[in-house]
Structures are given as structure tokens and as C-alpha cells.
Amino acid sequence: MLLEYATPLTFIALGAIFAYSFYAVLIAGQLSLGQAGFASLAAFTGASLAPSADDVGDVPALLIAVVIGMTVGAVAAVVLGLPTMHLRGVFLAIATLGFAEAVRIVLLNQEWTGGAQGLGVPRVLTVGMAWTALAVVAYWFWRMGRSRYGRALEAIREDELAARSMGIDVGRHRLAAFVTAGAVAGLYGVLYAYYVRLIAPGDFDFVAAVEGLVTAVVGGSTMFLGPLLGSGFQTMIPEIQRAVGVEAGWIRPFIASLLLLVVILFLPGGLASLIPRRSRMPTSDGDGGHRGARLATRRHPAAGETVATLAGLGKEYGGVHAVRDIDLEIRGGEVVGLIGPNGAGKTTLVNMISGLVPPSSGSATVLGVSIGRTPVHKLAGAGVSRTFQHSKLFNRLSALENVLVGGHLVSRPTFLRRLLWLPSARRDERAALEHAARCLHRVGLGDLAGKRASSLSYGDQRRLEIARALASDPSLLILDEPAAGMNHVEAAKLSALITSLAADGLTILFIEHNVGMVLETCTRVVVLNFGEVIASGTPDEIAANPAVIEAYLGTQDDEPLTGAVAEGTADDPTGGAGVNAPAGAVTNVDPSAAGTLEPPDTTSRDAT
Ligand SMILES: Nc1ncnc2c1ncn2[C@@H]1O[C@H](COP(=O)(O)OP(=O)(O)OP(=O)(O)O)[C@@H](O)[C@H]1O
């Protein structure tokens, strides 16, 4: 019975293995078509260099060829990956496709490959061997999925910049994913060669690459069973059509393509999205009643110790001086509020401090690291953690998973230990889960741990970003407009949270348009206008500072800032008070009202 289906079953296994080589990079958000080239190189070198099956036996010959092929695939991936890893999306697809085509043409013109005639290889692979190999590959990706490494790849796929800010070395992770793809494609190439009896360079052409990609996409790239489901679907649809008597010709491929279209249109997450995803939950409630191990912690600067020193820091975009000549010192335990009208340069300044944007002039040292050439993940490693003006959550991950990624820097790698089922890996994963749950509870989101980040309300998304930033146990926490979109009550709660974090010794720098909240929460306020610091001092000093009042109200004759901010609209940015404020200015014309003023932002930014 099984023998009757041996051929389709073997092709399902082979197709799934090839699709896993695409899945390996799709989970990190990379679109590559180079796998056909890796498979081709592996198939020809493996089959040519491995000893003959007659001399050493079938299985040893195949195993040696597999080792050669996977090594060749991985090395080719490094060679191709090093110069192309900075490419994204369609550019990476084109570059890798170019590589695969170059390999095909070179191999086509070699004598040792048999050229267009192809190379004869003994059939050694059985259906059992093919499925054993598939089981090993699927096991690899299954164990990877819930490891620290697997989470990092998912985070890169969801939002690369946020992943960098969580301390993930994106370049290294993307290259590792690419090398895995090379090795798995190499495995496929060798197994294919030892099954079909005759291989030709044309077997690994553009069409083969697209088929592998389609299989992975149809199966789904967010769950490890995806490639297997995709390959089963792709292989069995024609078989089923044949069995029910749909004759060859245009009908069969037409129906198969139509079904493919239906899956892609109605199941954007692929067939695997039909399988319910078990969301990770901590074993304890995370509110302090936990018993698991704690994660690594870092030494934080003591109160009054220098955290950041900025000297003459400036940033110019073309002719626009976003920030100019800023001297600033931030000390341990301070809560520094950064305020100023829209376009004053606040976000640009914190982007420089967190390493996202290099300064055009001046210098700065943050937690002992000088900014400029230091990559974002290294600054995160030094203890800088941040939220973004426009939420940069990992939308398809749950709230808890978002915070788990935030804990990347303080948790231990678990993937290799998970492969071996070592209890220490389970312990470390539990510790990471409980740490994430504690962070969620700290911001009041404990009950929403299993919810997808994209399904949370705007205010909860802001809080989730804070929980994620806290998870790295930062020394300097930077919050970019954390209260944006929050109502009066939520903003008051956030203010209490910031105060309690500062009481724990955390140094906080935050941008906020809600001046009332800033004056209430901060130990020091720095005011920017047109990229320059126009005032710095205690909340009381700032509230009475004429230069600040002028920057906000456009006149020096008005009352001092009182700690509350008028609600306004883009049409009436003064909150209806009729004050002649500069466009986008935050006003305090109605001290009884609270809220933020958010005129439409038309600035184009790489990182905000
Ligand atoms: N990537 C960029 N390219 C060009 N100009 C930029 C870029 N980022 C910021 N700017 C400009 O730099 C100036 C300061 O912008 P920035 O976003 O830092 O101000 P902000 O005080 O944070 O404003 P908001 O309160 O609206 O967020 C603005 O004039 C803005 O248009």
C-alpha cells in the first residue's frame, strides 16, 4: 500500500525539505531565491565527490554526500550572504536569483557535471530515508521556534529597527538564517540527486526556485509545519485530480493554480494558520508570586553618577538643522523631560542618544559608549532601552512574546540546548517567561499577555512598548511621547509608573507634549526650540521661564505654565482659546483641561 504511494510521498518529503530552506529565511523576513543555486552546487559536488555506493554501501555513500552537500550549501550561503545581507525585499530576491542563475550557467558548461546531458547518480534514497531527513529538519525548526534565537528572528521579521533596539544583532542573525537556508537547500539537492537518477543544472532553475518559495508561502512561514503542509498540498492536488479523473491538459494545472490562488488570497498566513497557535503563558502570575530563576541583571549607575554626556551635539538634514550644539548631562536617578514645539528636534536628539541616527557634529558618551559609529544593538547592550514615537511593536506576536523579545539581552541562548532537550533550557525559558510576565504586570497589562499586539488598544500598545523596553533591565530608559493617545486617567497612571521606576533607580529621559504630566513627573525639564536648548531646570523654574512661555505661546505676556495642557485639534491648535501660537505649539490656555495636542505630522523619517 505504502509502496504504491512511495513516489508522491518521497516528493512530498523532498519538496518540504526544499521549502524549509525558504522558510529558514522567511521567518527572518528575508526573500531569497538563491536556494536553487545552493541545492545545485550541493547536488553536483555531493554526487561527484562522495564514494561510490558499490564501494561503501548505500547509506554511507548517501550520508557522506549529504555532509559534503550541506557544507557546500552553507559555505556558498556565507559567500553570497556577506555582500548581500544589507539588501532587503525584492533587491535581495533579485541578487540571490542572479546567483542561482550564474550557478546554473556555470555548471551547464562544466564537463564534470555532464552539462545539459546531466550526471547519472545511483538511486539510493528510499521513502523512509526521505521522511527521516524531513523529520530531522522539521525538528530543528520546531525546537528553534520557541528559543531565544527563534524569537529574535521573528522580531527581525516584524520590525527590524525595534529588534535592533532590543539588542538583537540583526546582521549576524540574518546571516545565520541564510546559512541555515544554504545547508538545508544543500541537503535537498543531494537527496534529490540520489532519488531521480539523473540530475541536470536545469533541475535547479528559476522555476524550481519559485516552486520552492511558493510551497513555503502556501504552507505558511509563521509555523514550523508550514513547509510540510505546503509540499503536501502542492504534490497531492495533481495526484487527487488524477485519482478523481480530471484529465491532463490545461484543466489540471488550471485547477491547481486556482486552488493556490484561493489559499494565498484567503489564508495570508498560509495553510499553517489553520492550526491554532498555542500562546506562551508563564507558569506563575508574574506579579511577584513566581518562584523561577531571575535573569541576569546589569550594574546600574548610582544616583548622581554620569549616565550620558552630550557635547556640542548637532544633526543636520540637508539644510535643516534638526538639532544644534547641544550640551547636556544626564545623571543616575534623574527623570529628564524633553519638551518643545513640534519639529523642535526632540526625537532627533533621542535618536542620536539611542544610536539610531549618527550626529553630524559634536560628541556624546552614553553609559560609557561613545555614540556615532556604535550600532544600535551595542548601545542597547550598554543599557539604553527605548520606546518609539510611532509604536514599533512586533504586531503578529502576542503581548508576552513582545516582552520576551525585550528580554533578549538578559536571557540566555536556549536553541542548542532545546535541540538536546536539556532541562537547563526549560529552566531558562521559564525564567524568561516569568520575567516578561513581571514586566507586563508592572505596566498593568498582565491580563492581556496572550493577546496579539496589533489587537490591543492604542493606550495599551504604548504601555506594552514600555514593558518591552523595561524587559532588558535598562540603565537609561528613553520614552518618546509615551502618553500620546492616552486619556487623562491613563496619563496619570503612566506618570505614577514613571515615578515608581525612577524610585527603583532607573534613569529616564522622556519626550512628551503633555506639559502638565512632564512638570508633575520629572526632576528636570529640558526645553528645545528650533533644535536648541532654550531652558533647562526644575519643573518650577521651567514653568516660570519667559523663554519657554514664549516658545509655547508666542508672547511673553501670558501667564506661566501651570501644569495642565489644553486639548486642541489640528484645525484649532490653541484648544479653542484663540491664542496666536506657532503651528503645532502645545498650549496651556485652559489649565483645567488635560491632554495633548497633536497636529498632523508630515515629517518623513527613517526612525521615529
Ligand atoms: N529623517 C529626516 N530627514 C529630514 N528631516 C528630518 C528628518 N527627521 C527629522 N527631520 C527634521 O528635523 C526637525 C526636527 O524633527 P524632530 O522629529 O526631531 O522634531 P520633534 O521635536 O521630535 O517633533 P515632534 O514633536 O513633531 O515629534 C524637523 O524640521 C524635521 O522635519
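**Two sheets and a ligand shell**

Let me begin with an open sheet of 4 strands, in which the order is β4-β3-β6-β7 and the pairing is antiparallel. At its edges are β4 and β7, each of which pairs on one side only. I should say at once that what we have in front of us is a predicted model.

Within this sheet, β3 and β4 run antiparallel and are joined by 8 bridges, and if you would like a position to look at, L313 stands opposite I326 in β4. On the other side of the order, strand β3, residues 306-317, pairs with strand β6, residues 361-366, in the antiparallel sense over 5 bridges, and here G314 stands opposite S361 in β6. Strand β7, residues 369-370, is joined to β6 by 2 bridges, again running antiparallel, with V366 opposite V369 in β7. The hairpin of β6 and β7 has 2 residues between the strands, and in it L367 takes a positive phi near 50 degrees.

Now to the helix that goes with this sheet: α13 lies across β3, β4 and β6, and runs at about 125 degrees to β3. I mention α13 here since it returns in the shell around the ligand, to which it gives the most, with 3 residues.

So let us turn to that ligand. Which elements each supply at least two residues of the shell around it? They are β4, residues 320-331, and α13, residues 346-353. There are 17 residues around the ligand, and those that come nearest are N342, G343, K346, T348 and Q389. Sorted by class, the shell has 5 nonpolar, 9 polar and 3 charged residues.

As for individual contacts, an oxygen atom of the ligand is 2.5 Å from an N or O atom in the side chain of T348, and a ligand oxygen atom is also found 2.8 Å from an N or O atom in the side chain of N342. With A344 it is a polar backbone atom that is involved, at 3.0 Å from an oxygen atom of the ligand. On its own the ligand has 630 Å² of accessible area, and the protein covers 82% of that.

The other sheet I want to show is an open one of 6 strands, with the order β8-β9-β10-β5-β11-β12 and mixed pairing. Its edge strands are β8, residues 384-386, and β12, residues 532-537, each pairing on one side only. On average, and with direction ignored, neighbouring strands of this sheet are turned by 20 degrees against each other.

For a parallel pair in this sheet, take strand β5, residues 335-339, and strand β10, residues 507-511, which pair over 4 bridges; the bridge partner of L338 in β10 is I511. Helix α18, residues 458-470, packs on the sheet and touches β8 and β9, its direction making about 160 degrees with that of β9. Helix α19, residues 488-503, lies across β5, β9 and β10, and runs at about 150 degrees to β10.

I will finish with the antiparallel pair of strand β11, residues 524-529, and β12, which is made over 5 bridges, and in which N529 has E532 as its bridge partner in β12. These two strands form a hairpin with 2 residues between them, and F530 in the turn has a positive phi of about 50 degrees.

Conventions: Residues numbered from 1 in each chain as written. Predicted model: local features only at pLDDT ≥ 70, side-chain atom pairs only at ≥ 80, totals over all residues. Heavy atoms only, no water. Pairing = 2+ DSSP bridges. Axes fitted to C-alpha atoms, helices over the stretch in contact; angles between N-to-C directions. Contact = heavy atoms within 4.5 Å. Near = heavy atom within 4 Å. Polar contact = N/O pair within 3.5 Å; in protein donor to acceptor, adjacent residues only side chain to side chain. Areas by Shrake-Rupley, 256 points an atom, 1.4 Å probe, with all protein chains shown as cover. Nonpolar A, V, L, I, M, F, W, Y, C, P; charged D, E, K, R; others polar.
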